[in-house]
Number of protein chains: 2
Amino acid sequence: MTDRSGALIIIGGHEDKQGDRTILSEVARRLAGGRLVIATVASHKPEGYFEAYRDALAPLGLTDLAELYLDRREDAFDPAHAAAIDAAAGVFFSGGDQQRIADMIRGTPIDAHLQQLHARGGTIAGTSAGASAMGATMIGSGASAQSHRAGDLHMSQGLGLLHGVVIDQHFAERGRIGRLLGAIARQRDTIGIGIDEDTAIIVEDGGFSVIGAGAVTIVDASDAMLPRDPGEGSSDTLSIRDVRLHLLSAGDAFAFASRAPVEPEAVAA
Amino acid sequence: MTDRSGALIIIGGHEDKQGDRTILSEVARRLAGGRLVIATVASHKPEGYFEAYRDALAPLGLTDLAELYLDRREDAFDPAHAAAIDAAAGVFFSGGDQQRIADMIRGTPIDAHLQQLHARGGTIAGTSAGASAMGATMIGSGASAQSHRAGDLHMSQGLGLLHGVVIDQHFAERGRIGRLLGAIARQRDTIGIGIDEDTAIIVEDGGFSVIGAGAVTIVDASDAMLPRDPGEGSSDTLSIRDVRLHLLSAGDAFAFASRAPVEPEAVAA
């Protein structure tokens, strides 16, 4: 990341839309009156998603909204969509299936214009599937609420707005540490970031800070050892030693270069 | 533990009772034809528990069974119960509420005779609530499937058959890493052991080995740091840095003295 890149606001799903709206308020603050594109691409049935965000964001002063939906990948080549992104101050990816985001957008003009928006300081936010899709590598699908078996996990390529990490969401609520450990066991230099519901990380300046109600779990396997290396399709339960784990909550911060929690001042807002 | 102490077989709940019965077979092997007392004390409604174990254990050659149930704590002072434990080669605690095991047994003659049985080489097994009750300290109750808030966790005293650890069960299935991190955050020299369903640790000779289908999660906060120390009743989400995590599965072993995974030969069967 360069200093000119905009912030990424990566949300673990179910961000509060009716109460104090801590996370959506941060999105509104970052947009500073500019237009926000709500990208509902992750969903196979996006009806009602845009309206829910419109209603939640209006009382926060964020009223200049546009929706981006794609029925099929070919639509991503329509110049009108690229122009809509060029006219925006930010894009917000709602939930659904992260694989649909990647399938519809990766390698299309929308992808390129999104990267350009981010590079010139635009804010890119994503919740649930929209959070998973931020990474260069993502968990396409995988079992929750069980310890990891290699055959249960499907890794794929995300939008690549953030490199060197794999992001998971609805993290504590759906018992997903097993699959996140499985993901970093395959790529041990990748930092695993598990984000709880109604919780977000704000990525900028080489690190992130945490806001919201829950926790962010960091798992770092860079010094870890696998006594047995299960094949990709293995049904054996994972075994991995010496993973470093941090649990961060609102007010905490993390620096990517040192792979360590830092004081919040080190990741300037 | 001395070399003469018997094994502890600590099971994460839902051990297989109809298929290959890996864990119950190990219980039967350890009993070597001796009598097993099935202690259904954890349950408020123990009907059917004894019969389920009788049916599951009979094909494994373990047929010399007795049931121990206590309607109230006063019953634990009946000499007949102590005599039943003295006549047994092992005791198996079934599931329910670990607090009920502690409330009925701690400090009674049953407690003393159980410790004597263990000290002279008897096998003590426990599943689910019966697993949690093994430790000197236990999670009496706490929220699952969310990150830890101190106010959600109630710690209490268990039977003390194993010191220096806190045990949790149904671990991956119920998303319990949050509460286990909460428990070790309060007592950072205590090793947290989270055992999945149909998975067990066999404790003997200063360490344990793993059997069964799932994983055993070890969390070690001995080098961890808490940036903020939430009070006992706090509703703040926990923040903790530098926890060491190991995920062990069948064939792995762990030594308490080094707080580290070891080759299985180091924890002799």
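This is a short tutorial dialogue on a predicted model.

Q: Let's start small. Where in chain A is Ser43(A) placed?

A: To place a residue, look for the helices and strands on either side. Ser43(A) sits in a loop of chain A, with strand S2 (36–39) before the loop and helix H2 (49–57) after it.

Q: Is Ser43(A) buried or exposed, and why?

A: Here you compare the relative accessibility with a cut-off: buried means under 20%. Ser43(A) has 5% relative accessibility, so it counts as buried.

Q: Which residues does Ser43(A) touch?

A: Leave out residues up to four places away in sequence, and you get Tyr49(A), Tyr69(A), Gly95(A), Gly96(A) and Arg100(A).

Q: Now the two chains. How do I read the way two copies are related?

A: Two copies of a chain are related by a rotation about an axis and a shift along it. In this model, a turn of 180 degrees with a shift of 0.0 Å along the axis lays chain B on chain A, and the RMSD is 0.0 Å. The two copies are therefore related as by a two-fold rotation axis.

Q: Which C-alpha of chain B is nearest the axis?

A: That of Gly175(B), 2.1 Å from the axis. Both copies also use the same surface, as 100% of the contact residues of chain B recur in chain A.

Q: How many residues does each chain bring to the contact?

A: Chain B brings 33 residues and chain A brings 33 residues. Another way to read an interface is by area: about 2,600 Å² is buried between the chains, with 46% of that given by carbon and sulfur atoms. Look at Arg241(B), Leu245(B) and Leu247(B) too: they supply 24% of the area that chain B buries against chain A, more than any other three residues.

Q: What about charges? How many salt bridges are there between chain B and chain A?

A: There are 6 salt bridges between them. One of them joins the side chains of Asp252(A) and Arg228(B), at 2.9 Å from N to O. For polar contacts, the count across the interface is 26 residue pairs, both residues being at pLDDT 80 or more.

Q: Which elements of chain B supply at least two residues of the side that touches chain A?

A: Helix H7 (177–186), strand S13 (240–249) and strand S15 (260–262) of chain B each do. S13(B) gives the most, with 10 residues.

Q: And by class, what does that side of chain B have?

A: Sort its residues and you find 16 nonpolar, 8 polar and 9 charged ones.

Note on methods
Residues numbered from 1 in each chain as written. Chains lettered and ligands numbered in written order. Predicted model: local features only at pLDDT ≥ 70, side-chain atom pairs only at ≥ 80, totals over all residues. Heavy atoms only, no water. Helix = DSSP H or I, 4+ residues; strand = E, 2+ residues; numbered from the N terminus. Buried < 20%, exposed > 50% of the residue type's maximum accessible area, 1.4 Å probe, protein only. Contact = heavy atoms within 4.5 Å. Least-squares fit on C-alpha atoms with pLDDT ≥ 70 in both. Buried area = accessible area lost by both parts, 1.4 Å probe. Salt bridge = Lys/Arg side-chain N within 4 Å of Asp/Glu carboxyl O. Polar contact = N/O pair within 3.5 Å; in protein donor to acceptor, adjacent residues only side chain to side chain. Nonpolar A, V, L, I, M, F, W, Y, C, P; charged D, E, K, R; others polar.
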